[in-house]
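Reader: I'd like a close look at one part of this model, the little open sheet, and then whatever helps me place it in the rest of the chain. Keep it informal, but give me the cut-offs.

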Amino acid sequence: MISRKFARRANFLFFLCLFFFGVITTHLFFLQVVKGKFYREEALSRLVLEEILPPRGSILDRNGKTLAEDVRVLSISAYSPQIDDPEKVAQELSQLLSLPPVELQQKFQSGRSWIEITDNAPLYLKETLEEKKLKGIDWREKSTRFYPQAPLFSNLLGFVGKDGRGLEGLEFAFDSYLTGKVGYSFYEKDALGKGIPLTTKYLEAQPGNNLHLTVDSTIQFFAEEALDRAMEKTKALRGVVIVNNPQNGDILALASRPSFDNRTFQAFPPESWKNLATGMVFEPGSTVKPLVMAAVLEEKKASLSEQFYCPGYIMVYNHRVRDIKAHGEEKLEDLLINSCNVGIITLAERLGKDKLFYYLKNFGLGEKCDIGLPGEEQGLLRPPRDWSLLSMGAIPIGQEMMVTPLQLLRALSALANKGVMMQPRLVKEITSPKGEVIESFSPTPSKEVVSEKTASVVLEMMEKTVAKGTGKKAYLEGYHIAGKTGTGQKVGPDGRYDPHKFYSSFVGFLPLPEPRFGIIVFLDEPQGEYYGGDIAAPVFKEIAQNIINYAGIMSDKAEVGLF
Ligand SMILES: [Zn+2]
């Protein structure tokens with residue numbers, strides 16, 4: 001019967017359909033519900049979010065010369081399981097990178113999978129590497145810090161770590177300005193792990209800002225070179241040279257020893273990374289005497305025509321403070337020219353404790369300079385209530401106090417700038433990558449410490465100190481140079497002065513009457529000769545001579561022309 005047959009077949013088809021429907025539904029259920037999580041994760045695992053490090057800002061000198069900048073380099077690594085012929089690959093790479101092939105081959109066969117070969121190869125090698133298609137060798141572009149003038153400026157600039165963050169010096173102190181904003185690239189990988197073009201989306205990295213300094217590379221070179229020679233000659237433990245412009249406070253050079261090379265900083269002990277211009281304190285000795293003289297003149301406690309007598313010692317309370325010798329009859333100016341302890345203590349006693357302290361404090365002794373370098377020391381100038389009965393025999397001649405080399409230069413620079421002390425300036429401005437000024441630091445006068453008249457009288461005394469006094473070794477014929485020597489005894493571990501250990505210093509200015517250059521030379525524990533006039537003054541003279549030639553400062557004698 002046809003109808004029954006048909007009905008049976010229809011039933012069969014119905015059940016067949018139902019069966020397939022069931023299979024498909026189950027499968028869909030399985031795919032969507034049971035395995036869905038797996039597919040979603042796989043799709044996500046192909047999406048890659050990569051950080052793009054921004055180029056760090058540059059550091060430039062006052063003339064726009066680059067002192068630090070980011071450059072693009074190649075970081076090259078190897079995946080050893082993919083290297084079929086280690087000898088051949090080592091040979092090829094060694095030629096490109098100027099590395100010994102044996103060293104590379106040993107690395108490939110060291111048993112490690114991922115091997116870093118170099119992270120500082122020149123960018124132009126990229127094309128060659130692409131052509132050579134060395135199996136198992138991988139490379140990527142990255143930024144690295146480059147110091148075009150290194151090792152010059154190492155103690156000032158400091159350095160950055162592998163992650164591109166500043167770790168020392170200005171690189172550390174201004175890290176937040178120099179570091180840009182990190183960017184991101186977001187793309188999808190194919191099954192083989194390669195990026196699929198068209199899927200990349202960027203959040204651009206923003207380059208860091210640039211730091212414009214007041215230093216001058218040429219003067220920095222003079223300073224570092226002269227300091228190196230002095231360190232070698234005197235076998236001193238530490239040394240500092242700072243050159244400034246007393247009229248606006250600009251720091252033109254800042255050298256510190258021991259030093260290091262900021263391109264290979266790990267190879268040097270951390271003590272050598274410090275900048276001692278602000279990072280150490282010492283007892284200044286006679287270099288503070290011009291400040292005492294200025295205070296005395298300002299307070300009218302002595303006159304230029306007054307006569308003094310130095311018997312070679314002076315009693316302070318029950319203690320005999322000795323001079324280097326009995327200077328005998330002296331005029332007021334001779335007290336500075338001869339660096340006479342007896343005379344300066346006599347003057348300080350006329351001022352009294354409070355006024356003496358007031359002026360030294362106003363000259364910034366024991367006060368930070370805040371030029372932005374990390375690790376600045378404050379120094380120490382105790383208030384009169386903490387002085388002992390013997391302090392009046394010590395403080396006027398630069399003992400019982402601690403200063404940084406920059407503090408001392410700042411103080412004496414006030415005398416070279418008509419009595420007005422300028423705030424030292426190391427950073428002129430900060431600009432964006434497009435060149436817009438973000439922050440600008442103008443020259444700032446801290447205060448008028450003494451009158452213009454007083455300052456000029458003391459400066460003239462300091463000129464005579466160089467022409468015929470203790471600063472003779474800084475004298476340059478035909479030029480108007482003012483200066484003062486200093487020799488401070490070091491305190492030993494027992495708290496007493498060590499008779500064999502000294503600080504030698506010299507602070508000087510040129511050309512008078514309105515000096516544009518101030519120089520401090522400081523040496524810690526020079527061997528053999530130790531008087532500032534013998535040790536530090538010749539270093540000053542060498543730098544001054546170079547600056548005279550560089551800045552074109554005319555000699556008095558130059559007016560006698562050839563025609
Ligand atoms: Zn004397």
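Author: Here is the sheet, followed by a helix pair, some backbone oddities and one strand residue.

First, the ground rules. This is a predicted model, where local features need pLDDT of at least 70, side-chain atom pairs count only at pLDDT 80 or more, and totals for chains, interfaces and linings use all residues. Residues are numbered from 1 along each chain as its sequence is written.

The chain has 18 helices and 21 strands; helices (H or I, at least four residues) and strands (E, at least two) are DSSP runs, numbered from the N terminus. Your sheet is an open one of 3 strands in the order β1-β6-β7, with antiparallel pairing. Pairing here needs at least two DSSP bridges between two strands. The edges are β1 (47-52) and β7 (201-203), each with a single partner strand, so one side of each has no neighbour in the sheet. On average, neighbouring strands of this sheet are turned by 15° against each other, direction ignored; axes are lines fitted to C-alpha atoms, for helices over the stretch in contact, and angles run from 0 to 180 degrees between N-to-C directions. Strand β6 (residues 183-188) is joined to β1 by 6 bridges, and the two run antiparallel. To find your way in, look at I52, which stands opposite G183 in β6. As background, strands of a sheet pair through backbone hydrogen bonds, either parallel or antiparallel.

Now the helix pair. Helix α15 (residues 405-416) packs against helix α16 (residues 452-468) at an angle of about 105°, their axes 7 Å apart. That makes α15 roughly perpendicular to α16 (under 35 degrees would be roughly parallel, over 145 roughly antiparallel, 65 to 115 is roughly perpendicular and the rest is oblique). On the α15 side the contact is made by A414, L415 and A416, and on the α16 side by A455, V458 and L459; contact means C-beta atoms, placed from the backbone, within 7 Å. By class, this contact has 6 nonpolar, no polar and no charged residues, with Ala, Val, Leu, Ile, Met, Phe, Trp, Tyr, Cys and Pro taken as nonpolar, Asp, Glu, Lys and Arg as charged, and the others, Gly among them, as polar.

Next, the backbone. Most residues other than glycine have a negative phi, and most peptide bonds are trans. R257 and P258 are joined by a cis peptide bond with omega about 5°, and P258 is in the loop between β10 (251-257) and α10 (276-279). Another cis bond runs from L512 to P513, omega near 10°, with P513 in the loop between β20 (497-510) and β21 (517-524). S98 has a positive phi, near 55°, in the loop between α3 (86-97) and α4 (101-108). With 7 C-beta neighbours inside 10 Å, S98 counts as exposed (buried takes 20 or more other C-beta atoms within 10 Å, exposed 12 or fewer, partly exposed is in between, and C-beta atoms are placed from the backbone). E400 also has phi near 55°, in the loop between α14 (353-362) and α15, and counts as partly exposed with 19 such neighbours.

Last, T118 in strand β4 (residues 114-122). T118 is partly exposed, with 16 other C-beta atoms within 10 Å. Its C-alpha lies 5.4 Å from that of I76, 42 residues away along the chain. Leaving aside neighbours within four places in sequence, T118 is in contact with I76 and L97. Chain-wide, 70% of contacts between residues at least 6 apart in sequence join residues at least 24 apart.

How values were computed:
Contact = placed C-beta atoms within 7 Å.
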